[in-house]
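This briefing walks through a structural model for a reader who wants to know where the annotated, ligand-facing and core residues sit. Please keep the sequence and the coordinates open alongside the bullet points.

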Amino acid sequence: EEVVSPYAAVDERDVETSLRPKSLKEFVGQGRVREQLGVVLDSAKARRQPPDHILLSGPPGLGKTSLAFIIAADLGASIRVTSGPAIERAGDLAAMLSTLDEGDVLFIDEIHRIARPAEELLYVAMEDFRVDVVVGKGPGATAIPLDVAPFTLVGATTRSGLLTGPLRDRFGFVAHMDFYADAELESVIARSARLLDIEIEPDGAAEIARRSRGTPRIANRLLRRARDFAQVRADGRLSLEVCRAALDVYDIDEMGLDRLDRMVIDALVRQFNGGPVGVSTLALAVGEEVQTVEEVAEPFLVRAGLLARTPRGRIATRAAWEHIGVPLPHDEARLF
Ligand code: ADP
């Protein structure tokens, strides 16, 4: 497992649950999303009605699942949790919807990966609180409408562009989550350190924050790895020096780039002369899945100003050439 993967490792689930913020007030950063969501929830409570369906969109590890639990807790509602890939047949979803009580929150993670027939059933349920269960096959098949209790769907997606129009249109509120600023990550780290009983100095927290790719999940993981390092190689206290030494062990550079990021940039510059090159060719060159390059490496590289997506493919920016330490060819220099 890559130490800077934005996805949770299986053995991390428990510690992640224990570190989840429990209320909007405890949720660090994402000021706009918090404010908008606060209004959505408060007004629904004032009307004593379930709020509109909510879509949480953004890269992995930014707090979408945490927000889904916060929404349910704030509404005093029960939450049912599933994911797009887990819903293989429309019937699975119909069964789940039919057991919901009024006001329940249904959380569907990775909702862009839901199978098409289930998706069609879902958007009818979202709009009309009804599912049509098809009984029989062929010309004799009949659709039996079943009522579904008014519920709130909270969907999370890392790829909102992959949602079909009809599904997207049925969300009354879309929260766009963005990478966190370093100062926000410092707060996340300080809070987690308190909960995990870890002693960390402010400049140590700042160093971890800077290398966490704008992602709370990674910040929390690097904090735990630095804690491990401090326990066996130092006196347990996370000073700036100890944090730096720990992060170097895990091969995370000054900008927060890991091995895969550096390989992508390196291939782009050295093998493809800065691009443009298609993402699948690029993925092949670094020996990774296209999805990993697209969802893990690229968003961060774009944000760091090292890679740009163009209609003709991916290109390395001037900063990327500088980061790799390869002089920009003369005719390329004119491009920037
Ligand atoms: P996602 O569903 O977007 O992948 P999660 O909600 O599972 O992300 O968050 C991953 C981890 O990061 C959680 O354990 C949580 O403790 C932490 N985290 C995420 N966002 C925040 C935040 N705004 N404040 C504090 N901790 C956060």
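Glutamate 127 counts as exposed, because 12 C-beta neighbours lie inside 10 Å and a residue with 12 or fewer falls in that class. Its place is in helix 5, which covers residues 116-128. The model discussed here is a predicted one, and glutamate 127 is among the positions that the unreviewed UniProt entry annotates as "binding site".

**Annotated positions**

- Besides Glu127, the "binding site" annotation in the unreviewed UniProt entry covers Leu19, Arg20, Gly61, Lys64, Thr65, Ser66, Asp128, Phe129, Arg170, Tyr180 and Arg217. The annotated residues span 199 residues in sequence, and the farthest two C-alpha atoms are 36.9 Å apart, so they do not all gather at one spot.
- Leucine 19, one of the annotated residues, lies in helix 1, which runs over residues 13-19. Leucine 19 counts as partly exposed because it has 19 C-beta neighbours inside 10 Å, whereas the buried class begins at 20.
- Once neighbours within four places in sequence are left aside, leucine 19 is in contact with Ser192, Leu195 and Asn220.
- Phenylalanine 129, also covered by the annotation, lies in the loop between helix 5 and strand 4, the latter being residues 130-135. With 17 other C-beta atoms within 10 Å, phenylalanine 129 is partly exposed.

**Surroundings of the ligand**

- There are 20 residues around the ligand, and Glu16, Gly63, Lys64, Thr65 and Ser66 come nearest. Of these, Lys64, Thr65 and Ser66 also appear in the UniProt "binding site" annotation.
- Helix 1, helix 3 (64-75) and helix 9 (216-233) each supply at least two residues of the shell around the ligand.
- By class, this shell is made up of nine nonpolar, seven polar and four charged residues.

**Backbone geometry**

- Most residues other than glycine have a negative phi, and most peptide bonds are trans.
- Phenylalanine 129 has a phi near 50°, a positive value in a residue other than glycine.
- Arginine 213 likewise has a positive phi, of about 55°, although it is not a glycine. Its place is in the loop between helix 8 (202-210) and helix 9, and arginine 213 is buried, with 29 other C-beta atoms within 10 Å.
- The peptide bond from glycine 275 to proline 276 is cis, with omega near 5°, and proline 276 has its place in the loop between helix 11 (259-271) and helix 12 (279-286).

**Nonpolar cores**

- The largest nonpolar core has 33 residues, of which Ile54, Leu56, Ala68, Ile71, Leu106, Ala125 and Val154 touch the most other members. The elements that give two or more residues to this core are helix 2 (31-47), strand 1 (54-57), helix 3, helix 4 (90-98), strand 3 (105-109), helix 5 and strand 6 (152-157).
- Helix 3 gives the most to this core, with five residues, and helix 3 also supplies at least two residues of the shell around the ligand.
- Not counting residues up to four places away in sequence, isoleucine 54 touches Ile71, Thr152, Val154, Phe171, Phe173 and Ala175.
- A second, separate core comprises 25 residues, including Leu185, Ile189, Ala193 and Ala246.

**Phenylalanine 300**

- Phenylalanine 300 lies in helix 13, which covers residues 290-303, and phenylalanine 300 is buried, with 24 other C-beta atoms within 10 Å.
- Leaving aside neighbours within four places in sequence, phenylalanine 300 is in contact with Arg213 and Asp261.
- Phenylalanine 300 and histidine 53 are 247 residues apart in sequence, and their C-alpha atoms are 29 Å apart in space.

**Whole chain and confidence**

- The protein chain has 15 helices and nine strands, and along its principal axes the C-alpha trace spans about 70 × 50 × 35 Å.
- Of the 336 residues in the protein chain, 39% are buried. Among contacts in the protein chain with a separation of 6 or more, 68% come from residues 24 or more positions apart.
- The mean pLDDT of the protein chain is 92, and 98% of its residues reach 70 or more, while the model scores ipTM 0.98 and pTM 0.89.

Conventions
Residues are numbered from 1 along each chain as its sequence is written. This is a predicted model: local features need pLDDT of at least 70, side-chain atom pairs count only at pLDDT 80 or more; totals for chains, interfaces and linings use all residues. UniProt positions are given in the numbering used here, feature names are shortened, and annotations may be inferred rather than shown by experiment. Helices (H or I, at least four residues) and strands (E, at least two) are DSSP runs, numbered from the N terminus. Two residues are in contact if their C-beta atoms, placed from the backbone, lie within 7 Å. A residue is near a molecule or strand if its C-beta atom, placed from the backbone, lies within 6 Å of it. Ala, Val, Leu, Ile, Met, Phe, Trp, Tyr, Cys and Pro count as nonpolar, Asp, Glu, Lys and Arg as charged, and the others, Gly among them, as polar. pLDDT is the predictor's confidence in each residue, from 0 to 100. A nonpolar core is a set of buried Ala, Val, Leu, Ile, Met, Phe, Trp, Tyr and Cys residues joined through C-beta atoms within 7 Å.
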